[in-house]
Amino acid sequence: MNNKTVTMAHGAGGKQTSELIDEVFKAHFSNPDLTADDAAVLPAPKGKIAMSTDGFIVSPAFFPGGNIGKLSICGTVNDLACMGAKPLYLSCAFVIEEGFPMEKLEEIAGAMEKTAKEAGVRIVSGDTKVAGKGQVDGVFITTTGVGEILDGVSTSGDYAKPGDAIIVTGDIGRHGCTILLAREDFGIDADVTSDCAPLWPTVESVLNATKDVHVIRDATRGGVGTVLYEIAGQSKVGIRLNAADVPVAPEVKGVCGMLGLEPLYLACEGRLVIMAPKSEAEKIVEVLRQCPYSKDAAIIGEVTEEQPGHVVMTTEIGTQALLPQPGGELLPRIC
Amino acid sequence: MSEEKKKTAREIIEGYDGPPVRIMEVCGTHTHEIFRLGIRKLLPKQVELISGPGCPVCVTQVGFIDEAVYLALECGVTICTFGDLVRVPGTEMSLAGAREKGAKVRIVYSPVDAEQYAKDHPEEQVVFLAVGFETTTPASCLAVRKASEDGLTNFALLVANKTMPGAYAALKGSADVFLYPGHVNAITGTELCESLVDEGVSGVVAGFTAKELLTALAVALVKFQEGKPFFVNAYPRVVTREGSREAQKLVADMMENCDTEWRGLGIIPNSGLCLKKEWEAYDARKKFHVPEMKGRSNPACRCGDVLQGKCKPSDCKVFGKGCTPQHPIGACMVSNEGACSAYYQYS
Amino acid sequence: MCVGLSAKVVKINDGVAIIDAGGAKREISSQLIEDLEPGDYVMVHAGVAIAKITDEDDSETDQVLEDLF
C-alpha cells in the first residue's frame, strides 16, 4: 500500500477502503468463514451459545506484553471462556484516527491474527471507520464473540457458595501496572509486562478435570478486588481473603508502594478468579499450574456466610479487616 | 526471635487493663494503616483511638481548591498535583470537575517532576499545588530551587504547606497520648515533642509497618499507666533527635511562617509557610494575581469536629448518606487517609 | 500523611539517586542527605530521600520494647 498513514479516504467506502480491508485485515484474518457480504453465515452449534462484546481504548496502544489488538481478542475470548464457552466466532469493529500509521495498524492486525489462532477463534465479520484527527485516540476496537458452552458446565457470578475455595490463576495487577508505567507519568522504571493472554485453553483444561466449578470471572478493569466485590454482591455471600496468599510480583508491589496503590485494584487482562468446592480446589490448582498462563495459580481465600456482600482480609498480623470497596479513578496517594 | 517480639507488643495491647485512655493518631497514614491492618480489633474497650488532623488534604481549606480551579480555568495554567487533591470539593467544583471543563490537571509523584514538566513544556505555565507538612515541604523547596537554577519563568507554587507545632498546641487536651507522625519527625527531629512533656503532653513517635505501629501503641499504653507525661521515639529506624538538618535549613532559607487556615481548626497563627520575598517570582498567588478566595464548605459537613476528635465520623448527619467516597462532601471523605473515608471503607 | 517507602540506593550522582524497591526503580533527589552511597537504604517521600535508614531489618523496633522494661 502506498499510503503510510490512514486517511479519511480509507473510511469513505470506496476503492481505498477496499484496499485497506484487503491488504491489512483480510491478509491477517483470512479464514473460510470471513465474509465479504453484509453478514457472516454460520452453522448453529449444538448446545447453548454465549455471546459477549467489549470495547478497547487503551492508551498507549502498544505496551510491554501486548497491544490493543491482542487485548481486543483476549478480552472477548476470556469473557466467553468464563461462561465455560469455547470461543467460535468474533466480529471486530475498528475506529481509526486519521493519520494513524499504517505500519502500526498492520502490527495490531498481526497480533489479533496470532491471538485468535491461539484461542481457536475465527474472525468472521468486521467494520472499519476513520474518524477525524483528535476525534479518537489512535485506534479503538470493539470485538463481539460467540462461543459454545461445554456440556454440563454452568458458571455464574450468582453461584458462589459458602465453603467454596477462591483461586486466582496468577500474580495480580500486572496489566494495570504495565499501562501505568507505559504512560511514563511517574518516572518509574520496572520490568513488568502485561499479563494479557487468551485463556480458553486454560479454562478448557480445568473443565476437563472437573465440571464442578461455580464461578469463573476474568479480573479486568478494577482488578481482582472489584471482581470479588461483584461476586459477593451477586451471590450474597461473604468473601474471606488471606492477604499473604495473594500473589503479587515484587516489582508490582514496589510500584504500588511508591504510589500508595492497592494491587488488588489494578487491572489484569489474563487472570481468572475461580470459585469451586474445596474438594476440587487442589485439583484445579494443579491443572492450572500445568497451563502456560497460570503457573502461579494459588488458593487465596474462601467463600463464607458471614458479612454477605463484603470482602474481608485476614491481615499480616492475623486480624480481620474489610477490604475497602472499589472506588472511582485510581489516584496515587502521596502526601 | 522477631516474631516473638511482635507477639509481645500485641500481648501488651490486648492485655491492657489500665485506666481508659484516648490516643490520637495525628497522621493520616497512621489512620489508614491502623484500619488496613485491623489493629483497632485488638484494642480493649478502654483504649480509644482518635483520628487527628494529620492528613494534609483533609485540613486544606476550601479556598485553596478554589484558587487552584481559578488558576486552571481562568488563567489557563497547567496544574500539577499529588493525586490526593484531585477529588477534594471546592466551593463550586473540584479539580476533577475543572478537568471535565477542559482544565489541564496533571498528577505527579513529586514536585520535582512538576518542575521537570515545566522545563519540558516552556509554552505552558505550570503551577504545583504545594500541600503537606514538614515531610513534604522540602520537596517543594527543592523544585523551586531547581527552577531557579534552570532559569524557568513558567513554574510556580500555590503554597498551602503547614507545620505541626501550632496544631499540637491547638489539640492540647483532646487526647491523653499522641502518636506522632514519624515522617514529620524524620525531618524535624524530636526536640519539640520532648519539650511538650514539660507542658504535660505525652506522645510516642510511630512508624508505619504493623510491627512499628503495634510497638508504638504498646509503648504508649505501658508509659501511660506509669501516670507521668512521657515521650518515646518508637521509630528509631528512621527518626533521630536532630532530624534532617539539611531539610530544616533548606526550608528556613526559602520559606517563612505565616498564619494559615486549617479546615476544622480555623486560623492557627504562624502554622503555615509561604515563600520568602526573594522567591516570590515562584509564588503563584502573586504571579497570577489570584483574588482572595473565601471558600465555602457544606454546612452539614462536620469534618472540623472529626479532625479535632470532637466527634466520630458516624456522628455526622451526612456520613455514609450524602457523603461517601464516591460523592464526598468533606475532605475527610476524599482522602484515603481521611478519618471519614477510613471509617466508611473499613467498617 | 506522608506515604514513605524504604528503598535501596543503587546509583548516585550529583544529588540524584536511583532507588530500587522490589525492582521498581526511580530517580529521586538525594540532596537532603550527605554521604549517601550505593547500597544504603533510604526512606523516600514524594521523590525525595528524607532519611537514611540502617537496613530493612527491624531489630531497632525490637529494641524499643526491650528498653521499656
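In what pattern do the elements of chain C follow one another along the sequence? In this predicted model, chain C reads β-β-β-β-β-α. Its secondary structure thus comprises five strands and one helix. The C-alpha atoms occupy a box of roughly 45 × 25 × 25 Å along the principal axes. Chain C has 69 residues, and 52% of them count as buried. Among its contacts with a separation of 6 or more, 30% link residues 24 or more positions apart.

One backbone feature of chain C concerns Asp14(C). This residue is not a glycine, yet its phi is positive, near 55 degrees. Asp14(C) sits in the loop that connects β1 (5-13) to β2 (16-21) of chain C. Is Asp14(C) buried or exposed? Asp14(C) counts as exposed because 7 other C-beta atoms lie within 10 Å, and the cut-off for exposed is 12 or fewer.

Chain A contains an open sheet of seven strands. The strand order is β9-β11-β7-β12-β10-β13-β14 (chain A), with mixed pairing. Two strands of chain A lie at the edges, β9 (215-218) and β14 (320-322), and each of them pairs on one side only. From one strand to the next, the twist averages 25 degrees. Helix α8 of chain A, residues 278-290, packs on this sheet. The helix touches three strands of chain A: β7 (164-168), β11 and β12 (298-304). The direction of α8 makes about 135 degrees with that of β11(A).

The β9 edge can be followed residue by residue. Strand β9(A) runs antiparallel to β11 of chain A (residues 272-277), and four bridges join the two. Val215(A) has Met275(A) of β11(A) as its bridge partner. Asp218(A) is bridged to Leu272(A), also in β11(A). Which residues of β9(A) point the same way as one another? Val215(A) and Arg217(A) point one way, while Ile216(A) and Asp218(A) point the other way. All four are buried. Arg217(A) and Asp218(A) are thus buried on opposite sides of an edge strand.

Elsewhere in chain A, a record marks a further region. The UniProt annotation "domain: PurM-like N-terminal", from an unreviewed entry, covers residues 37-149 of chain A. This span is 41% strand and 29% helix. Its end C-alpha atoms lie 27 Å apart. Strands β1 (49-56) and β2 (62-63) of chain A are joined by a loop that holds Pro60(A). The peptide bond leading from Ser59(A) into Pro60(A) is cis, with omega near 0 degrees.

Chains A and B touch. On the chain A side, 21 residues are in contact with 25 residues of chain B. Two elements of chain A, α7 (250-259) and β14, give two or more residues to this side. Strand β14(A) supplies the largest share, three residues. This strand is also an edge strand of the seven-stranded sheet. By class, the chain A side holds 11 nonpolar, seven polar and three charged residues.

Chain B is divided into two parts, domain 1 (1-302) and domain 2 (303-342). Their C-alpha centres lie 18 Å apart. Between them, 30 residues of domain 1 of chain B are in contact with 24 residues of domain 2 of chain B. Which elements of domain 1 of chain B give two or more residues to the side that touches domain 2 of chain B? They are α2 (28-36), β2 (47-54) and α3 (56-59) of chain B. Helix α2(B) gives the most, with five residues. The domain 1 side divides into 15 nonpolar, 11 polar and four charged residues.

Chain B also has a residue with positive phi. Asn270(B) is not a glycine, but its phi is about 60 degrees. Asn270(B) is found within a strand, β11 of chain B (residues 266-275). Asn270(B) counts as partly exposed because it has 13 C-beta neighbours inside 10 Å.

Definitions and conventions:
Residues numbered from 1 in each chain as written. Chains lettered and ligands numbered in written order. Predicted model: local features only at pLDDT ≥ 70, side-chain atom pairs only at ≥ 80, totals over all residues. Pairing = 2+ DSSP bridges. Axes fitted to C-alpha atoms, helices over the stretch in contact; angles between N-to-C directions. Contact = placed C-beta atoms within 7 Å. Buried ≥ 20, exposed ≤ 12 C-beta atoms within 10 Å, placed from the backbone. Domains from an automatic or database assignment. Nonpolar A, V, L, I, M, F, W, Y, C, P; charged D, E, K, R; others polar. UniProt positions renumbered as here; feature names shortened; annotations may be inferred.
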